[in-house]
Amino acid sequence: MAQTSIEWTDTTWNPVAGCSIESDGCKFCYAMRMAGRLEAMGVEKYQGLTRKTGGRRKWNGNIRLDWKSLNAPLNWKKPRRVFVNSMSDLFHPAVSAEFVREVWRIMGETPRHTYQILTKRPARMAEVLISTQLPVLANVWLGTSVEDKRVASRLDELRNAPGATRFVSFEPLIGSVAGVSLKNIDWAIVGGESGPGARPMDAFWVDEIESMCRVSGTAFFFKQWGGRNKKTTGRLLNGRTFDEMPATFGAETPT
Ligand code: SF4
């Protein structure tokens, strides 16, 4: 659990560690790099989750369920936006439905917090939530990542998942998603890839998404341009910032 520099949340909560590559958007996964560093530093939770290949650390598919960290949100007295599993994917096939149920229990007991769950496996999210009949919680937002049109079907899978608020993260945006439906999607985040080897994001693709949001009534959040040094490229789009949030959270005016 940590304060975070991620622009659209306040805190990360990581009851799961470890993952495996799912699609092209995972190529430069920040969590994978960070897990490798934490492993090298001797942090117990991250031991044995990555392997070294071609001079880089890559997930080895091992998943660690961190039962000890489950209760952390109970101790946070002030309301927070909580990014669930920034170092993994809650709906990775190796995360049991029983464990998801425990995560749901904690989120249900802490309605003061807003939980943001982002997965690249929304089909499993829908399947687990439906088969276990977990309740729809007003303070839980269900989200999926879409890096380009090849994985646009994730949006349909997300719509199948029972949730009060749904969102999509177009980050890292590595191709146009023009024509993709944002129907019943409350919030869209857009961001370019950052770090060494970052693939470029075309400004036109971003404008396309903003226009799509205006048509579907989806709140639009522009996170960053990315690149090798994201501090230098910033987060202005057409001369301004876009920090809109879902209506369920209280809409914010773009500055
Ligand atoms: S699903 Fe997420 S955490 Fe897992 S490898 Fe891909 S980007 Fe990383």
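# Briefing: cores, cavity, pocket and backbone

Among the elements that cover the buried residues of α4 are α3 (122-131), β9 (140-145) and β10 (165-170), where buried stands for under 20% relative accessible area, exposed for over 50% and partly exposed for what lies in between, with a 1.4 Å probe and protein chains only. The model is predicted, so local features need pLDDT of at least 70 and side-chain atom pairs count only at pLDDT 80 or more, whereas totals for chains, interfaces and linings use all residues. Residues are numbered from 1 along each chain as its sequence is written, and side-chain values use heavy atoms, with hydrogens and water left out. Helices (H or I, at least four residues) and strands (E, at least two) are DSSP runs numbered from the N terminus.

**Helix α4**

- Helix α4 spans residues 153-160, and its buried residues are Arg154, Leu155 and Leu158.
- These buried residues lie on the same side of α4, because they cover an arc of only 100° around the axis, the arc being that of the directions from the helix axis to the C-beta atoms.

**Nonpolar cores**

- The largest nonpolar core (buried Ala, Val, Leu, Ile, Met, Phe, Trp, Tyr and Cys residues joined through side-chain atoms within 4.5 Å) has 51 residues, and the members that touch the most others are Trp13, Trp104, Met107 and Phe170.
- The element that gives the most to this core is helix α2 (residues 97-109), which supplies 6 residues.
- Apart from this core lies another one of 12 residues, including Cys19, Ala31, Ala35 and Leu38.
- In soluble globular proteins, nonpolar side chains tend to be buried together.

**Trp104 and Leu90**

- Trp104 is in contact (heavy atoms within 4.5 Å) with Leu90, Phe91, Ile117, Leu129, Leu134, Pro135, Leu137, Val140 and Leu142, once its neighbours within four places in sequence are left aside.
- Leu90 sits in the loop between β7 (81-84) and α2, and Leu90 counts as buried because its relative accessibility is 1%.
- With neighbours within four places in sequence again left aside, the contacts of Leu90 are Val16, Asn85, Val95, Val100, Val103, Trp104, Ile117 and Arg124.
- Leu90 and Asn14 are 76 residues apart along the chain, while their C-alpha atoms are separated by 9.2 Å.

**Cavity**

- The structure has 1 cavity of 30 Å³ or more, a cavity being a set of points, on a 1 Å grid over the protein atoms alone, where a 1.4 Å probe fits but cannot get out, and a pocket being an open set with protein on both sides within 12 Å along at least five of seven lines; lining residues have an atom within 4 Å of a point.
- The largest cavity has a volume of about 40 Å³, where volume is the space filled by probe spheres set on grid points that are joined across faces, edges and corners.
- Its lining consists of Trp104, Val136, Leu137, Val140, Leu142, Pro162, Gly163 and Ala164.
- By class, the lining of the largest cavity holds 7 nonpolar residues, 1 polar residue and no charged residue, with Ala, Val, Leu, Ile, Met, Phe, Trp, Tyr, Cys and Pro counted as nonpolar, Asp, Glu, Lys and Arg as charged, and the others, Gly among them, as polar.

**Largest pocket**

- The largest pocket encloses about 1300 Å³ of space, and among the 50 residues that line the largest pocket, Ile6, Tyr30, Ala31, Phe83 and Ser86 are the closest to its centre.
- Two or more lining residues come from each of β1 (2-3), α1 (30-40), β8 (114-119) and β12 (219-224), and the largest share, 5 residues, is that of α1.
- The lining of the largest pocket divides into 19 nonpolar, 19 polar and 12 charged residues.

**Backbone features in loops**

- Glu171 and Pro172 are joined by a cis peptide bond with omega of about -5°, and Pro172 belongs to the loop between β10 and β11 (187-191).
- Asn184, which is also found in the loop between β10 and β11, has a positive phi of about 60° although it is not a glycine, and Asn184 counts as partly exposed because its relative accessibility is 49%.
- Gln133, in the loop between α3 and β9, is a residue other than glycine whose phi is positive, near 55°, and Gln133 counts as exposed because its relative accessibility is 69%.

**Met245**

- Met245 is placed in the segment after α6 (230-233), and Met245 counts as buried because its relative accessibility is 2%.
- Although 59 residues separate Met245 and Asp186 in sequence, they are 8.4 Å apart in space, C-alpha to C-alpha.
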